[in-house]
Amino acid sequence: MKKITILLLCVTVLSSIPANHSYAKQNIRTETFTQTTFYESDVSLRVSDIIIYRYRTKNGVTQYRRWNKTQGYWVDSSWINM
């Protein structure tokens, strides 16, 4: 009779424990997202150069030379006679 009582007690205790244990290890999946950042320097707006004609008169001869106002340099290496 002792064995049956102990067996019933064990069955009762084991049946009261839920099958899905709350202390069970859980697999948690974490996802990493990559952030893409765009900078204004990646995209450049191209503006056409502004060319200015400069004129002068030297020894009675009119000459011209082109100046790149955007870049800041002479386009022509020397003065050109007209």
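Buried means under 20% relative accessible area. By that cut-off, buried residues make up 5% of the 82 residues in the protein chain. Keep that in mind for the tour of this predicted model.

**Whole chain**

Start with the cartoon view. The secondary structure comes to one helix and four strands. Follow the chain along its sequence and the pattern reads α-β-β-β-β. Now switch on the surface. The chain exposes about 8500 Å², and carbon and sulfur atoms supply 56% of that area. For contacts with a separation of 6 or more, residues 24 or more positions apart account for 7%.

**Stop 1: the nonpolar patch**

Select I51, Y53, Y55, Y73, V75 and M82. Together these residues form a nonpolar patch on the surface, with about 640 Å² of accessible area. Which strand gives the patch its largest share? Colour strand β1, residues 51-58: three residues of the patch come from there.

Pick Y53 within the patch. Y53 sits in strand β1. Its relative accessible area is 44%, so Y53 is partly exposed.

**Stop 2: I51**

Move to I51, also in strand β1. Is I51 buried or partly exposed? I51 counts as partly exposed, because its relative accessibility is 36%. Show its surroundings. Beyond its neighbours within four places in sequence, I51 is in contact with R66, W67, N68 and V75. V75 is another member of the nonpolar patch. Next, draw a distance from I51 to G72. Their C-alpha atoms are separated by 9.8 Å, with the two positions 21 residues apart along the chain.

**Stop 3: N68**

From I51, step across to its contact N68. N68 lies in strand β2. N68 counts as buried, because its relative accessibility is 1%. What does its side chain meet? The side chain of D49 makes a polar contact with the side chain of N68, at 3.2 Å. Then select Q71. The backbone nitrogen of Q71 lies 3.0 Å from a polar atom of the N68 side chain. Widen the selection to everything N68 touches. Leaving out residues up to four places away in sequence, the list is D49, I50, I51, Y73 and V75. I51, Y73 and V75 in that list are also members of the nonpolar patch.

**Stop 4: Q63**

Stay in strand β2, where Q63 is found. Is Q63 buried or exposed? Q63 has a relative accessible area of 10%, so Q63 is buried. Display side chains here. Q63 and N81 make a polar contact through their side chains, at 2.8 Å. Now select what Q63 touches, setting aside residues up to four places away in sequence. R54, Y55, R56 and K58 are among the residues touched. The others are W79, I80 and N81. Y55 links this stop back to the nonpolar patch, as one of its residues.

**Stop 5: N59**

Finish in the loop between β1 and β2 (61-68), where N59 is found. Check the backbone torsion. Most residues other than glycine have a negative phi. N59 has a positive phi of about 55°, although N59 is not a glycine. Turn the surface back on. Is N59 buried or exposed? The relative accessible area of N59 is 76%, so N59 is exposed. Compare N68, which is buried at 1%.

Methods
Residues are numbered from 1 along each chain as its sequence is written. This is a predicted model: local features need pLDDT of at least 70, side-chain atom pairs count only at pLDDT 80 or more; totals for chains, interfaces and linings use all residues. Side-chain values use heavy atoms; hydrogens and water are left out. Patches are made of residues with over 30% relative accessible area and no salt bridge: like charges are joined within 9 Å, nonpolar side chains (Val, Leu, Ile, Met, Phe, Trp, Tyr) within 5 Å. Accessible areas come from the Shrake-Rupley method with a 1.4 Å probe; for residues, only the protein chains shown count as cover. A salt bridge is a side-chain nitrogen of Lys or Arg within 4 Å of a carboxyl oxygen of Asp or Glu. Helices (H or I, at least four residues) and strands (E, at least two) are DSSP runs, numbered from the N terminus. Buried means under 20% relative accessible area, exposed over 50%, partly exposed in between (1.4 Å probe, protein chains only). A polar contact is a pair of N or O atoms within 3.5 Å; within protein, one must be able to donate a hydrogen and the other to accept it, and residues adjacent in sequence count only if both atoms are side-chain atoms. Contact means heavy atoms within 4.5 Å.
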